[in-house]
Amino acid sequence: MTIPTEPIGSIPRPGYLVEALGEYAAGRLDADGLGELQEKALVETIKRLEETGSPVITDGEQGKPSFATYPLAGLASLVPDGVVIPFADGHTRQLPKLTAGPFRYQTYADTYLREAKKHATKPVKQAVIAASAIGLVYPGEELSGYDKEQFIADLVNEAETDIRRSLDAGADSVQIDFTEGRLSLKLDPSGGLLQSFVDLNNAVLDRFSEEERKRIGVHTCPGGDQDSVHSLDVDYAGLLPTLFQLKVGNVYVQLASETDPERALQVIAEHAGPEQRIFVGVTDPIDPRVETAEEVRDRVLRAARFLPPDRLGTCDDCGFSPFADDTSTSRETAFAKIAARVEGTRLAAEALGLG
């Protein structure tokens, strides 16, 4: 037995791809031209990820416009003035808003998975966006001829399809990105919004068998964009007990950037389900300093004081570039941090007598 270690998702796009995305948005580059550069970036990213020694890889989200909005790209019934997400440094991201039904995903995540598997020699995990995040595109006022209840029914169907297609396409696992969980407590400290998010995501997860849910996980973090966060000031003790109600086999928890990781680990140990594996974050994508393998080892050993080693895994706190235009972290830094995570996890397993 050893300790599994996995990336969360995104890797910063190479400069030529970031430039190409701008040219495409301006109408100076066609879809075929953009697609060629996305494939080039994908091949390079997979090669570099495999060189880190990571036993499981992702596609680095080289083809996604963002971790959150990939299902919506090309959907005509949207306007840009949706929910605004404020970050600690003052910048914001804004979701689109739905104007009419029926709601359907325009892109499913297995599209990215299938391309990655063409080039990968290691197992590939696939990140998908939580239904609760996509649910935020429905406006505050009810749409004429398309009420919220029908939207939710359509959304649950689409979110199930997104996960199932990736499982069927051979994903090693599927990770549901749920960064809005911690943010919800900032918007509604009572926890009512968080509970509604968890209930919606469980409506999707209820459609999978117990065996299938062993290959499904959820990722929580306080956001990570342009080296800033949206909800790191929200107490984990308010989030984690409800988070662990989610019917998933794996839980990926940002921890390296947490001010009091031992307190968070204690809450995790108290509330995690007995069959859930906890992947603790041991590298911080927002910190420009590359962690040493020994630092990672020590973070893993600290977690092992609270969690049984056979239920422990490691990950990065967050993706390194969840939005395609985020260049705040270099590709070199990202790959160096991942290499440190892999080696540090190996050292921890050795120290625990698992290697």
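Which residues are linked with K47 in a network of salt bridges? The answer is R48, E51 and E332. Keep in mind that you're looking at a predicted model.

## The K47 network

Let's start with one pair from that group. K47 forms a salt bridge with E51, and the closest N and O atoms sit 2.6 Å apart. Both residues belong to helix α2, where 4 residues, about one turn of the helix, separate them. Are K47 and E51 buried or exposed? Both are exposed.

The network also takes in R48 and E332. Across the model, the count comes to 29 salt bridges, and a couple of others are worth a look.

## R104 and D154

Next up is a bridge between distant parts of the chain. The side chains of R104 and D154 meet in a salt bridge, at 3.5 Å from N to O. R104 sits in the loop between β5 (97-98) and α3 (110-119), while D154 is in helix α5 (residues 148-168), so the pair links distant parts of the chain, 50 residues apart.

How much of each partner is open to the surface? R104 has 38% relative accessibility, so it counts as partly exposed. D154 has a relative accessible area of just 8%, and it is buried because the cut-off for that class is under 20%.

## D206 and K247

Here's a bridge with a loop on either side. D206 and K247 bring their side chains together in a salt bridge, with N and O 2.6 Å apart. D206 lies in the loop between α7 (192-205) and α8 (210-213), and K247 in the loop between α9 (236-243) and β9 (250-253), so this pair ties together parts that are 41 residues apart in sequence.

As for exposure, D206 comes in at 45% relative accessibility, which makes it partly exposed. K247 is at 35%, so it counts as partly exposed too.

## A negative patch

Now for some charges in a surface patch. Which residues gather in a patch of negative charge on the surface? They are D30, D32, E36 and E39.

Take D30 as an example. D30 lies in the loop between α1 (15-25) and α2 (31-51). Its relative accessible area is 49%, so D30 is partly exposed; exposed would need over 50%. That value still qualifies D30 for the patch, because patch residues need over 30% relative accessible area and no salt bridge.

Methods: Residues are numbered from 1 along each chain as its sequence is written. This is a predicted model: local features need pLDDT of at least 70, side-chain atom pairs count only at pLDDT 80 or more; totals for chains, interfaces and linings use all residues. Side-chain values use heavy atoms; hydrogens and water are left out. Patches are made of residues with over 30% relative accessible area and no salt bridge: like charges are joined within 9 Å, nonpolar side chains (Val, Leu, Ile, Met, Phe, Trp, Tyr) within 5 Å. Accessible areas come from the Shrake-Rupley method with a 1.4 Å probe; for residues, only the protein chains shown count as cover. A salt bridge is a side-chain nitrogen of Lys or Arg within 4 Å of a carboxyl oxygen of Asp or Glu. Lys and Arg count as positive and Asp and Glu as negative; His and the chain ends are not counted. The place of a charge is taken as NZ of Lys, CZ of Arg, CG of Asp or CD of Glu. Helices (H or I, at least four residues) and strands (E, at least two) are DSSP runs, numbered from the N terminus. Buried means under 20% relative accessible area, exposed over 50%, partly exposed in between (1.4 Å probe, protein chains only).
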